Amino acid sequence: MMGTGYMGYYVIIGIISVVSWLVSSQLKKKFAKYSKVHLRNGMSGAEIARKMLADHGIRDVEVISTPGQLTDHYNPANKTVNLSEVVYGERNASAAAVAAHECGHAVQHATAYKYLTMRSKLVPVVQVTSNISQWVIFGGIALMASEAMGAAGKYVAIAGLIMMGFATLFSVVTLPVEYDASNRALAWLKNKNIVTPEEYKGSEDALKWAARTYLVAALGAIASLLYFALRIFGSKD
């Protein structure tokens with residue numbers, strides 16, 4: 001009965017997982033492709049990052065190298081642009097795109113971009129609730145099936161749904177944050193003539209596929225939330 005009842009959820013997770021894998025695979029192919037497009041200006045990812053920060057008057061952010069692949073991120077807590085080793089030292093369209101994108105987040109932070117501020121406030125809440133929300137919902141739905149604990153089970157399930165709602169909101173808020181950072185990066189790369197038209201096309205395409213990974217994640221989070229909301233509020237018990 002448990003397996004049959006959750007079949008819809010497993011289908012959703014299965015579809016999202018497949019789409020996520022396809023997008024991630026395409027992203028890796030794009031980055032590999034544009035890693036072969038070497039920059040005419042000869043600048044490394046680290047040099048591009050430092051120039052973009054300087055051009056925006058940001059002097060309190062450090063650009064550092066971090067191990068791994070596609071581990072690039074901006075840390076607002078200690079104001080660091082963390083670039084993976086291949087981005088930090090390489091001189092190609094992929095490295096330029098990623099370095100500028102992460103600096104786009106630093107510019108958002110410096111200008112108090114509202115969606116970045118909102119996402120930062122959600123981080124501590126999501127860190128606590130994201131791992132347990134699903135289990136709280138499962139427990140609540142299981143209790144709803146019993147006559148003695150049905151009403152209490154519904155409240156438990158709703159509490160889990162609220163927890164999942166925070167994670168979903170985080171995924172949705174991440175979309176404008178990521179798209180805006182890419183737009184800032186691409187505008188700067190073009191306006192300052194950092195890249196040639198051919199290099200720009202590569203950088204733009206790479207960032208487009210990177211953004212799609214966040215879009216898939218947000219759609220998956222919304223689909224899961226709606227599924228459980230229907231399970232809880234659609235129950236006749």
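Biologist: Why does Lys-51 count as partly exposed?
Modeller: Its relative accessibility is 33% in this predicted model. Buried would need a value under 20%, and exposed a value over 50%. Lys-51 at 33% falls in between, so the label is partly exposed.

Biologist: What makes Asp-55 partly exposed?
Modeller: The reasoning rests on the cut-offs of 20% and 50%. Asp-55 has 32% relative accessibility, so partly exposed is the label here too.

Biologist: How do you know that Lys-51 and Asp-55 form a salt bridge?
Modeller: Their closest N and O atoms are 3.3 Å apart. The limit is 4 Å, between a side-chain nitrogen of Lys or Arg and a carboxyl oxygen of Asp or Glu. The pair has the right residue types and lies within the limit, so the term applies.

Biologist: What separates Lys-51 and Asp-55 along helix H3?
Modeller: About one helical turn, because they are four residues apart. An α-helix has 3.6 residues a turn, so residues three or four places apart point the same way.

Biologist: What makes Glu-47 and Arg-91 a salt bridge?
Modeller: The closest N and O atoms are 3.3 Å apart, and the cut-off is 4 Å. The pair links distant parts of the chain, 44 residues apart. Glu-47 is in helix H3, and Arg-91 is in the loop between helices H4 and H5.

Biologist: Why are Glu-47 and Arg-91 called partly exposed?
Modeller: Glu-47 has a relative accessible area of 36%. For Arg-91 the value is 37%. Partly exposed lies between the 20% and 50% cut-offs, so both residues qualify.

Biologist: How do you know that Arg-119 and Glu-178 meet in a salt bridge?
Modeller: The N to O distance is 3.4 Å, set against a limit of 4 Å. Arg-119 lies in helix H6 and Glu-178 in helix H8, so the bridge ties together parts 59 residues apart in sequence.

Biologist: Why is Glu-178 called buried?
Modeller: Its relative accessibility is 5%. Buried means under 20%, so Glu-178 qualifies. Arg-119 is buried as well.

Biologist: Which residues does Glu-178 touch, leaving out those up to four places away in sequence?
Modeller: His-101, His-105, Arg-119 and Tyr-214.

Biologist: How many salt bridges does a search of the whole structure find?
Modeller: Six.

Biologist: How do you know that the span of helix H2 is close to the expected one?
Modeller: Helix H2 has 28 residues and reaches 41 Å from its first C-alpha to its last. At 1.5 Å a residue, 40 Å is expected. Its buried residues, including Tyr-9 and Phe-31, pack against H5, H7 and H9.

Methods. Residues are numbered from 1 along each chain as its sequence is written. This is a predicted model: local features need pLDDT of at least 70, side-chain atom pairs count only at pLDDT 80 or more; totals for chains, interfaces and linings use all residues. Side-chain values use heavy atoms; hydrogens and water are left out. Helices (H or I, at least four residues) and strands (E, at least two) are DSSP runs, numbered from the N terminus. Buried means under 20% relative accessible area, exposed over 50%, partly exposed in between (1.4 Å probe, protein chains only). Contact means heavy atoms within 4.5 Å. The expected span of a helix is 1.5 Å times one less than its number of residues.
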